[in-house]
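Reader: Could you pick one spot in this model and take me through it slowly, starting from its contacts and working outward? I'd like to know what surrounds it, how the part it sits in is put together, and how far I can trust the coordinates.

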Amino acid sequence: APEAVARSIRQYDAATAKIEVADQTTDRTLAGQSQLLAEVRSGMSNLTGVETKLTREQWDLVNVVGNSLVIDRLLPGRAMAEGESWTHAAATLGALLCMDHVAVCDVSSVVTTESQRQVQIRMAGTVHGTVDGTPTEMELRAAYLFHLDKKRITRFNIAIKESRKNSEIVPGLDVVAKAVVTIDPEAKPWTVPSNVRKMAARTNEPLSRTLVYESPTKNFRFAYDAAWYITAEERDLYSFRYLHDHDLTAHCNLSVLPARSAGRHTPLEEFERDVRQSLGDKLATVSAATEWQTKQGYHCLGVIAEGKVNDVPIQWRNYLVAADDCPRLSLSVTLQQTHSESFADAERQIIDTIELVPTPATASNRDRVISK
């Protein structure tokens with residue numbers, strides 16, 4: 001059934017990609033012998049690491065077109081004669097193409113012939129929807145084989161002509177992509193640990209969508225929901241966008257500030273005053289101002305302010321995370337007040353999991369003081 005939950009345990013011996021844009025080349029890899037859980041639920045695909053969380057780059061590397069959990073859902077569920085055709089559900093195509101929303105699905109398959117106990121099938125059509133919150137249109141052409149004895153699809157070839165619009169999350173593109181999936185029985189035995197089997201069996205619990213982010217400078221890291229997208233990375237300034245139900249809901253700017261002096265805390269009153277001054281005439285009220293200690297023992301300040309921009313009610317959530325000998329992080333989350341309920345406290349996972357790393361210069365200076 002298109003809406004049924006399906007889950008698998010996967011072990012990747014290798015996964016690599018080389019991305020070339022203009023004169024820039026980026027390599028993406030997944031560590032060998034990586035174990036992941038894959039899932040299809042409500043027409044969407046998801047993957048999570050068994051022992052370690054994936055980065056966004058790793059997640060994109062393995063969450064690709066042709067999900068093996070979805071391919072057999074292309075079958076009609078009944079015997080078909082040569083020349084007969086059937087249409088496909090939007091949920092099936094959405095998961096197969098790694099889309100987060102399908103608005104139009106006009107795709108069908110037809111039985112063409114049978115040879116050596118394999119039924120040859122062709123698929124064609126168009127799909128409109130969103131990928132990473134960005135509107136896209138796809139033209140599909142595919143050919144696949146159904147093995148009458150194995151009772152499953154054993155080979156799936158697809159060509160996609162895609163036109164994706166430009167958005168605040170990803171740049172636009174026009175591309176023709178091809179994917180080939182071959183499904184064969186595993187020849188060598190693979191022993192799956194019991195704890196992994198138990199995780200895979202709990203299909204009543206959706207797989208975690210948590211990813212991990214580490215700054216290019218290696219001076220901070222945190223866990224975050226896959227609904228957040230990194231849209232800019234500069235030396236001391238990072239930008240993120242949050243999607244809810246494939247719509248842009250909030251954006252977050254993260255600034256890296258110099259380390260504070262040992263034992264010196266920024267007073268909450270001073271932080272609130274800075275927030276008020278930065279918002280100026282846009283500010284109507286400060287609805288909350290608090291300070292606490294995170295699970296990692298860091299000092300955190302939080303100020304929530306409300307006001308208007310061009311007559312649109314806006315909420316600003318500002319945070320300052322600090323620890324001795326570490327760079328401080330300032331986070332500013334902006335969202336329309338109408339999105340506050342759907343957004344909830346989506347930024348708190350980032351705040352609560354931040355890990356700060358002392359800068360090499362700070363660490364070496366401290367070592368010299370200790371050695372004296």
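Author: Sure, let's start at Glu-162. Setting aside neighbours within four places in sequence, Glu-162 is in contact with Thr-136, Glu-137, Met-138, Leu-173, Asp-174 and Val-175. Bear in mind throughout that this is a predicted model.

So is Glu-162 buried or exposed? Its relative accessibility is 9%, and the cut-off for buried is under 20%, so Glu-162 counts as buried. As for polar partners, the side chain of Glu-162 makes a polar contact of 2.8 Å with the side chain of Arg-164.

Now zoom out a step. Glu-162 belongs to strand 10, which covers residues 152-164. The contacts listed above make sense once you look at the ranges: Thr-136, Glu-137 and Met-138 fall within strand 9, residues 134-147, while Leu-173, Asp-174 and Val-175 fall within strand 11, residues 173-182.

Strand 9 and strand 10 run antiparallel and are held together by 12 bridges. Next door to our residue, Lys-161 of strand 10 is the bridge partner of Glu-139. The two strands make a hairpin with 4 residues between them, and Lys-151 in that turn has a positive phi of about 60 degrees.

Strand 9 has another hairpin partner, strand 8 (residues 118-131), and that antiparallel pairing counts 14 bridges. Met-123 is matched there with Ala-142 of strand 9. The hairpin has 2 residues between the strands, and Asp-132 takes a positive phi near 55 degrees. If you're checking backbone torsions, Asp-132 and Lys-151 are two places to look.

How do these pieces fit into the whole sheet? Six strands, in the order 6-7-8-9-10-11, form an open sheet with antiparallel pairing. Strand 6 (85-87) and strand 11 (173-182) are at the edges with a single partner strand each, so one side of each has no neighbour in the sheet. On average, and ignoring direction, neighbouring strands here are turned by 15 degrees against each other. At the strand 6 end, strand 6 is joined antiparallel to strand 7 (residues 101-115) through 3 bridges, and Thr-87 has Ser-108 as its bridge partner.

For a second look at strand pairing, jump along the chain to strand 19, residues 312-322. Of its 11 residues, 9 are buried, so the rest of the structure largely encloses it. Strand 18 (residues 299-309) pairs with strand 19 in the antiparallel sense over 11 bridges, with Val-309 matched to Val-312. Their hairpin has 2 residues between the strands, and Asn-310 in the turn has a positive phi of about 55 degrees. Strand 19 is also joined to strand 20 (residues 328-336) by 8 bridges, again antiparallel, and Leu-320 stands opposite Ser-330. The hairpin of strand 19 and strand 20 has 5 residues between the strands, with Asp-325 at a positive phi near 65 degrees.

One more buried polar residue is worth a glance: Ser-34, in strand 4 (residues 34-41). With 13% relative accessibility, Ser-34 counts as buried. The side chain of Ser-34 reaches the backbone oxygen of Ala-31 at 2.3 Å, a distance you may want to inspect yourself. Beyond four places in sequence, Ser-34 touches Arg-10, Gln-11 and Tyr-12.

For the wider setting, the chain has 8 helices and 21 strands, and its C-alpha atoms fill a box of roughly 80 × 55 × 45 Å along the principal axes. Buried residues account for 42% of the 372 residues. The chain exposes about 20,100 Å², with carbon and sulfur atoms supplying 48% of that area.

And the trust question? The average pLDDT is 91, and 95% of the residues score at least 70. The stretch to be wary of is residues 362-372, where pLDDT stays under 50 and the model has 2 contacts beyond four places in sequence. Where pLDDT is low, the predicted coordinates shouldn't be read in detail.

Notes:
Residues numbered from 1 in each chain as written. Heavy atoms only, no water. Buried < 20%, exposed > 50% of the residue type's maximum accessible area, 1.4 Å probe, protein only. Polar contact = N/O pair within 3.5 Å; in protein donor to acceptor, adjacent residues only side chain to side chain. Contact = heavy atoms within 4.5 Å. Pairing = 2+ DSSP bridges. Axes fitted to C-alpha atoms, helices over the stretch in contact; angles between N-to-C directions. pLDDT = per-residue confidence, 0-100. Areas by Shrake-Rupley, 256 points an atom, 1.4 Å probe, with all protein chains shown as cover.
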